[in-house]
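Colleague: I am new to this structure and would be grateful for a close look at a single part of it. Please choose one loop with its surroundings, and tell me how the charged side chains fit in.

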Amino acid sequence: LMIERMYKEFGDSCRYTGIEVSEAMIKKAKYRMLDEIVSGKVLIKKEDLRTWKSESYYDIVTSILTLQFTPIEYRQHILQTIYSSLSKCNGSLILVEKVLGNTDKLNNMMVDTYYKMKSDNGYTEEQIARKKLSLEGVLVPVTNDWNIDLLKQAGFRQVDVFWRWMNFVGYIAIK
């Protein structure tokens, strides 16, 4: 859980709000962070980002491997809602997404390398194939350039890549 990692890193110096649509993930978050939730340091909300309207302003929003599971037609709206929810002075979005390579050949090479890494880490061919099948039609990545364009169209004035490994990219976008 990203919120758990952030809390361990920054502790009581920040307020934390987790937004999640999956009941199973909410249950897991509440189990793992019960003390922090009870003490009011962490808030977990059941929300669908496609219809979410922020009632607060945030200094930093993180979205880790989330947009890729959202239908493409909602992504611009979600990013604009996040933009609107950020503090006016340097509010920032940290976004990590899986992306498509710029060409089919490059994309296939990166995907093959990713599957080899999974195999090298003990996953069986059957497990890799099952995971790939379970994500078909659910995980819909776009290109790196498309994500950058979406962020800029949402209003972010500074957008850059801070990390990349194969088909996974981390962005920082500042209001």
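Modeller: A helix here is a DSSP run, H or I, of at least four residues, a strand is a run of E of at least two, and the elements are numbered from the N terminus. The model is predicted. With that in mind, E126 and R130 can be placed in helix α6, residues 125-135, where they sit 4 residues apart, about one turn of the helix. Their side chains meet in a salt bridge, 2.8 Å from N to O; E126 is exposed because its relative accessible area is 54%, while R130, at 48%, is partly exposed. Elsewhere, salt bridges that share partners join E4, K8 and R32 into one network.

The part I would look at closely is the loop between β3 (60-64) and α4 (72-85), where F69 lies. L65 is also in the loop between β3 and α4, and it has a positive phi of about 55° although it is not a glycine. L65 counts as partly exposed because its relative accessibility is 33%, and F69 is likewise partly exposed, with a relative accessible area of 37%. L65 and F69 join M2, I64 and V138 in a nonpolar surface patch of about 360 Å².

T70, too, lies in the loop between β3 and α4, but it counts as buried because its relative accessibility is 11%, under the 20% that sets the limit. If neighbours within four places in sequence are left aside, T70 is in contact with R50, R75 and I78. Two of these partners lead on to the charged side chains.

R75 lies in helix α4. It is buried and yet has no salt bridge, for the nearest side chain of opposite charge, that of E97, is 5.4 Å away, whereas a salt bridge needs a side-chain nitrogen of Lys or Arg within 4 Å of a carboxyl oxygen of Asp or Glu. What R75 does have is a polar atom of its side chain 2.8 Å from the backbone oxygen of T70. Setting aside neighbours within four places in sequence, the residues in contact with R75 are L67, Q68, T70, V140, P141, V142 and L150.

The other partner, R50, makes a salt bridge with D48, the closest N and O atoms being 2.7 Å apart. R50 counts as partly exposed because its relative accessibility is 33%, and D48, with a relative accessible area of 22%, is partly exposed as well.

To set this pair in a wider frame, the count of salt bridges comes to 7, and side chains of opposite charge can pair when their charged atoms come close. One of the salt bridges links E4 with K8, with the closest N and O atoms 3.9 Å apart. E4 and K8 lie in helix α1, residues 2-10, and are 4 residues apart, about one turn of the helix. E4 is buried because its relative accessible area is 11%, while K8, at 68% relative accessibility, counts as exposed.

A further loop can be set beside the one between β3 and α4. M166, in the loop between β6 (158-165) and β7 (168-174), has a positive phi of about 50° although it is not a glycine, and it counts as partly exposed because its relative accessibility is 24%.

Key:
Residues numbered from 1 in each chain as written. Predicted model: local features only at pLDDT ≥ 70, side-chain atom pairs only at ≥ 80, totals over all residues. Heavy atoms only, no water. Patch = residues over 30% accessible without salt bridge, like charges linked within 9 Å, V, L, I, M, F, W, Y side chains within 5 Å. Areas by Shrake-Rupley, 256 points an atom, 1.4 Å probe, with all protein chains shown as cover. Buried < 20%, exposed > 50% of the residue type's maximum accessible area, 1.4 Å probe, protein only. Lys, Arg positive; Asp, Glu negative; His and termini not counted. Polar contact = N/O pair within 3.5 Å; in protein donor to acceptor, adjacent residues only side chain to side chain. Contact = heavy atoms within 4.5 Å.
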